[in-house]
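Work through the exercises below with the model open. Each task is followed by a stepwise solution.

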Amino acid sequence: MSKAIIGLVGEMACGKETVKKYLEKKYGAKNARFSSILRDILKRIDLPINRDNLINLSTSLRQTFGQDILAMAIAGDARNLDTDIVVIDGVRRMEDIKFLKEINGFMLISMDAPIETRYKRMVSRNENIGDDKKTFEDFASDHKRETELEIPLVMKNAKFSINNEGTFEELYLQVDKIIADILKN
């Protein structure tokens with residue numbers, strides 16, 4: 001089998017991290033995450049890891065070095081990981097998939113869940129500083145930020161789709177079905 005490189009796309013708090021962890025645990029997948037690059041830089045320059053800094057850094061890097069700069073770095077990471085399955089979390093722009101789909105074995109999976117469900121998840125996990133203090137209106141407004149605008153369009157380019165409004169078991173069944181389909185090809 002050649003390496004399967006699975007890109008996950010979906011709006012904030014739709015369950016990408018949960019699917020990534022499931023693939024790591026059940027299938028031995030390794031991951032490459034777009035935001036890891038940004039988080040590493042923010043740590044290095046001693047700035048808080050919050051949504052504003054992540055967005056500003058991403059925008060600056062893309063404007064300075066090209067819209068596909070992070071996709072190029074992630075593609076290199078994915079190729080170099082010693083595993084049969086790589087999960088790329090945080091695909092969000094057409095420039096990302098334009099570059100990534102050229103990699104042999106790349107598949108895009110879209111994930112979706114109702115905005116109310118995603119809001120509750122974001123607040124409870126508090127992944128970025130201040131997430132637990134956001135109002136629903138703040139969360140809805142975040143969807144209009146530059147880094148989020150292309151996600152619905154990218155989702156339309158996915159080969160597989162996951163609806164994540166049910167239980168973990170229902171989510172995992174969907175993932176297992178997709179993986180079985182990917183591995184048989």
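Two strands pair if DSSP finds at least two bridges between them. Helices (H or I, at least four residues) and strands (E, at least two) are DSSP runs, numbered from the N terminus. The model is predicted: local features need pLDDT of at least 70, side-chain atom pairs count only at pLDDT 80 or more, and totals for chains, interfaces and linings use all residues. Residues are numbered from 1 along each chain as its sequence is written, and side-chain values use heavy atoms, with hydrogens and water left out.

**Exercise 1. Assemble the sheet.**

Task: find the order of the five strands in the open sheet.

Solution.
- Step 1. Start from strand β1 (residues 4-10), which is joined to β3 by five bridges and runs parallel to it. L8 stands opposite D89 in β3.
- Step 2. Go to the other neighbour of β1. Six bridges join β1 to β4, again in parallel. I5 has F106 as its bridge partner in β4.
- Step 3. Extend past β3. Strand β2 (residues 30-33) runs parallel to β3 and is joined to it by four bridges. Here R33 is the bridge partner of D89.
- Step 4. Extend past β4. Four bridges join β4 to strand β5 (residues 160-163), in parallel. M111 stands opposite I162.
- Step 5. Read off the order: β2-β3-β1-β4-β5, with parallel pairing. β2 and β5 are the edge strands, since each pairs on one side only. The twist averages 25 degrees from one strand to the next (axes are lines fitted to C-alpha atoms, for helices over the stretch in contact; angles run from 0 to 180 degrees between N-to-C directions).
- Step 6. Add a helix. Helix α9 (residues 168-184) packs on the sheet and touches β1, β3, β4 and β5 (contact means heavy atoms within 4.5 Å). The direction of α9 makes about 170 degrees with that of β5.

**Exercise 2. Test how enclosed a strand is.**

Task: decide which residues of β3 on either side are buried.

Solution.
- Step 1. Set the cut-offs: buried means under 20% relative accessible area, exposed over 50%, partly exposed in between (1.4 Å probe, protein chains only).
- Step 2. Recall the geometry. In a regular strand the side chains alternate between the two faces of the sheet.
- Step 3. Check each side. I85, V87 and D89 are buried on one, V86 and I88 on the other.
- Step 4. Conclude. Five of the five residues of β3 (residues 85-89) are buried, so the strand is largely enclosed by the rest of the structure.
- Step 5. Repeat for β4 (residues 106-112). Six of its seven residues are buried.

**Exercise 3. Check a helix.**

Task: what span should helix α4 have, and what covers its buried residues?

Solution.
- Step 1. The expected span is 1.5 Å times one less than the number of residues. The twelve residues of α4 (residues 69-80) should therefore span 16 Å, and the end C-alpha atoms are 17 Å apart, which agrees.
- Step 2. List the buried positions: L70, A71, I74, A75, G76 and A78.
- Step 3. Name the cover. It includes β1, β2, α2 (34-44), α3 (51-65), β3 and α5 (94-100).

**Exercise 4. Trace the salt bridges.**

Task: how many salt bridges does a search of the whole structure find?

Solution.
- Step 1. Apply the criterion: a side-chain nitrogen of Lys or Arg within 4 Å of a carboxyl oxygen of Asp or Glu. The search finds 20.
- Step 2. Take E17 and R33, which meet at 3.8 Å, N to O. E17 is in helix α1 (residues 16-27) and R33 in strand β2, 16 residues apart. R33 is buried, at 16% relative accessible area.
- Step 3. Take D96 and R62, which meet at 3.4 Å, N to O. D96 lies in α5 and R62 in α3, so the pair ties together parts 34 residues apart in sequence. D96 counts as buried at 0% relative accessibility, and R62 at 2%.
- Step 4. Take R92 and E148, at 2.9 Å, N to O. R92 is in the loop between β3 and α5, E148 in the loop between α7 (136-142) and α8 (151-155), 56 residues apart. E148 is buried, at 6% relative accessibility.
- Step 5. Join the shared partners. E17, K20, K21, E24, R33, R39, D89, R125 and E127 form one network of salt bridges.
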